[in-house]
Amino acid sequence: MKISIINGPNLNLLGTREPDIYGAKTFIDYLESLKEAYPQVEFDYFQSNIEGELIDELHRVGFSADGIILNAAAYTHTSVGLGDAIKAIDTSVIEVHISNTFAREDFRHTSYITPNAKGLILGFGLASYRLAVESFLNA
Ligand code: DQA
């Protein structure tokens with residue numbers, strides 16, 4: 001099974017960025033633990049701070065991956081283009097967030113991803129990604 005993980009803006013700074021909200025682990029370290037826990041999964045990882053690059057990546061993997069785990073970060077709340085890209089591809093997308101966005105500012109309660117996603121997992125810290133992997137494996 002091929003699973004692509006796509007992370008949006010500022011998630012390259014996980015580990016140092018607002019650790020009280022996002023934790024103290026880098027995503028690269030977390031990804032290593034995922035690879036160890038799921039040797040049967042072929043993980044592909046992409047991160048960008050640029051909206052168009054995230055759309056290009058969805059187009060690139062969206063006709064061949066078995067599943068996509070997308071944390072669009074701040075673009076979740078603003079990007080019609082990312083929402084449309086999910087509609088345009090074949091592969092199912094699970095939207096994830098590290099924090100519980102509904103427990104935070106009002107502007108984080110809107111998502112252009114959710115209506116087009118297979119499902120939404122949020123608020124479990126980095127374990128949100130693992131739960132998304134489990135969901136694809138048990139689908
Ligand atoms: C986030 C939540 C977003 O509101 C925020 O802009 C992020 C991270 C999360 O994973 O909790 O950058 O997507």
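A residue counts as near a molecule if one of its heavy atoms lies within 4 Å of it. The structure is a predicted model, in which local features need pLDDT of at least 70, side-chain atom pairs count only at pLDDT 80 or more, and totals for chains, interfaces and linings use all residues. Residues are numbered from 1 along each chain as its sequence is written, and side-chain values use heavy atoms, leaving out hydrogens and water.

**Exercise 1. The ligand site**

Determine which residues surround the ligand, and which polar side-chain atoms lie at what distance from its oxygen atoms.

*Solution.*
1. The ligand is surrounded by Arg-17, Tyr-22, Asn-71, Ala-73, Ala-74, His-77, His-97, Ile-98, Ser-99, Thr-101 and Arg-108.
2. A polar contact is a pair of N or O atoms within 3.5 Å. A side-chain N or O atom of His-97 is 2.7 Å from a ligand oxygen. For Arg-108 the distance from a polar side-chain atom to a ligand oxygen is 2.8 Å, and for Arg-17 it is 3.0 Å.
3. The ligand taken alone exposes 320 Å², of which the protein buries 99% (Shrake-Rupley method, 1.4 Å probe).

**Exercise 2. One helix and its cover**

Establish which residues of helix α2 are buried and how they are arranged about the helix axis.

*Solution.*
1. Helices are DSSP runs of H or I with at least four residues, and strands are runs of E with at least two, numbered from the N terminus. Buried means under 20% relative accessible area, exposed over 50%, and partly exposed in between (1.4 Å probe, protein chains only).
2. In α2 (residues 27–37), the buried residues are Phe-27, Tyr-30, Leu-31 and Leu-34.
3. Viewed down the axis of α2, these buried residues fall within an arc of 100 degrees, so they line one face of the helix; the arc is taken from the directions from the axis to the C-beta atoms.
4. An α-helix has 3.6 residues a turn, so residues three or four places apart point the same way.
5. The cover over these residues includes β1, β2 (42–47) and α5 (127–137).

**Exercise 3. Unusual backbone angles**

Identify the phi angles of Asn-10 and Glu-18 and state whether these residues are buried, partly exposed or exposed.

*Solution.*
1. Most residues other than glycine have a negative phi.
2. Asn-10 has a positive phi of about 75 degrees, and Glu-18 has one of about 35 degrees.
3. Asn-10 lies in the loop between β1 (2–7) and α1 (19–22), as does Glu-18.
4. Asn-10 is partly exposed at 36% relative accessible area, and Glu-18 is partly exposed at 40%.

Note on methods
Contact = heavy atoms within 4.5 Å. Polar contact = N/O pair within 3.5 Å; in protein donor to acceptor, adjacent residues only side chain to side chain.
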